[in-house]
Amino acid sequence: MKTAVIIGGTGAIGSAVSEKFSSKNYKVICIGRTTKKNLNEFYVCNLLDVTSIKETSKKILEKYKKIDVLVNCAGINDGQELKTLNENSFYEVIKTNINGTLFFSKYLLPGLKGGSIVSVSSIKANSPTKGVAYGASKAALNNITINLANQLSKHKIRVNAVAPGYTATGMISAKERALKAKKTIIGRLANPKEIAQIIFFVAAEATYINGQIITADS
Ligand SMILES: NC(=O)c1ccc[n+]([C@@H]2O[C@H](COP(=O)([O-])OP(=O)(O)OC[C@H]3O[C@@H](n4cnc5c(N)ncnc54)[C@H](OP(=O)(O)O)[C@@H]3O)[C@@H](O)[C@H]2O)c1
């Protein structure tokens, strides 16, 4: 059985990704701060704590020698513009949104050889957004993706990012949804399952996609 580690597997997109991999007969290992309703194997890990990332990776590698797929779905947006920005919140967003990909890739590396890494970025990596830290974190994630693809190709690891547009999750309030839907060509937000389908394709099937940021938007 193949294994997929899903960071942020408790979230809206992360749950849909976990379900997708489970439906394709992967053993799914989820990572987050709270177990919520997660039925998969679950490791508690706060991404702000790199020591905990290292220890969690060690526990996973003791149990599973091979990790076929690592997906990072964890992320937060404080929505703070320059006027209201404060240092603590800025670095919390940056660390939360980057640490998962960066440090789980580093510490799970012995198991990931021959596998694939996908990070959930955002269309906001390349366009203005209210959350200064959020936009910066996603732009950094895109660059980390390209760098890791380059540095890990010798281990036959593909590294990509999927950058969704507006998706119907708790990240977008009910009040904002109609407005965001009007900004799309299709006239509606994405469903987390539609994003999970693209993540699965990039992570597990698209053997000639590497070092790419795949936009999942309409
Ligand atoms: N919704 C959208 O419109 C949209 C669009 C583009 C990109 N995205 C991206 O998609 C990803 C998933 O977003 P979502 O909408 O599904 O949001 P969500 O439901 O709020 O999920 C966020 C996930 O991140 C985890 N997380 C947050 N802080 C953490 C920390 N310090 N340590 C460990 N885990 C942490 C949460 O787990 P715990 O609470 O258990 O810790 C949760 O599983 C994010 O990266 C987001 O930026 C979303």
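**Burial.** I started with how much of the chain is tucked away: buried residues make up 44% of the 218 residues. I'm noting here that this is a predicted model.

**Overall layout.** I went through the elements next and found seven helices and seven strands in the chain. Starting at the N terminus, I wrote their order down as β-α-β-β-α-β-α-α-β-α-β-α-α-β. The radius of gyration is 16 Å and the globule rule gives 17 Å for 218 residues, so the chain is as compact as a globular protein of that length. I also looked up the box that the C-alpha atoms fill, taken along the principal axes, and got roughly 45 × 35 × 35 Å. Then I checked contacts with a separation of 6 or more: 70% of them are between residues 24 or more positions apart.

**Ligand shell.** Which residues come nearest to the ligand? I found 26 residues around the ligand, and Gly11, Gly32, Arg33, Gly75 and Thr169 come nearest. Sorting the shell by type gave me 12 nonpolar residues, 13 polar and one charged. I also asked which element gives the most to this shell, and that is helix 1 (residues 12–23), with three residues.

**Ser18.** Staying with helix 1, I picked Ser18, which is found there. Is Ser18 buried or exposed? I counted 26 other C-beta atoms within 10 Å of Ser18, and the cut-off for buried is 20 or more, so Ser18 is buried. I left aside the neighbours within four places in sequence and listed what else Ser18 is in contact with: Ile6, Gly9, Val28, Cys30 and Asn40. I also looked across to Phe200, which sits 182 residues from Ser18 along the chain, and the two C-alpha atoms are separated by 9.7 Å.

**Helix 7.** Phe200 took me to helix 7, where it is one of the buried residues. The others I noted as buried in helix 7 are Pro192, Ile195, Ala196, Ile198, Ile199, Val202, Ala203 and Ala204. What do the buried residues of helix 7 pack against? My list has helix 1, strand 4 (69–72), strand 5 (116–120), strand 6 (158–164) and strand 7 (213–216). Last, I checked the length of helix 7 (residues 192–205): at 1.5 Å a residue its 14 residues should span 20 Å, and the end C-alpha atoms are 19 Å apart, which agrees.

**Recap.** Helix 1 turned up twice for me: it gives the most to the shell around the ligand, and the buried residues of helix 7 pack against it.

Terms used. Residues numbered from 1 in each chain as written. Predicted model: local features only at pLDDT ≥ 70, side-chain atom pairs only at ≥ 80, totals over all residues. Near = placed C-beta within 6 Å. Helix = DSSP H or I, 4+ residues; strand = E, 2+ residues; numbered from the N terminus. Nonpolar A, V, L, I, M, F, W, Y, C, P; charged D, E, K, R; others polar. Rg over C-alpha atoms; globule rule 2.2 N^0.38 Å. Buried ≥ 20, exposed ≤ 12 C-beta atoms within 10 Å, placed from the backbone. Contact = placed C-beta atoms within 7 Å. Expected span 1.5 Å × (residues − 1).
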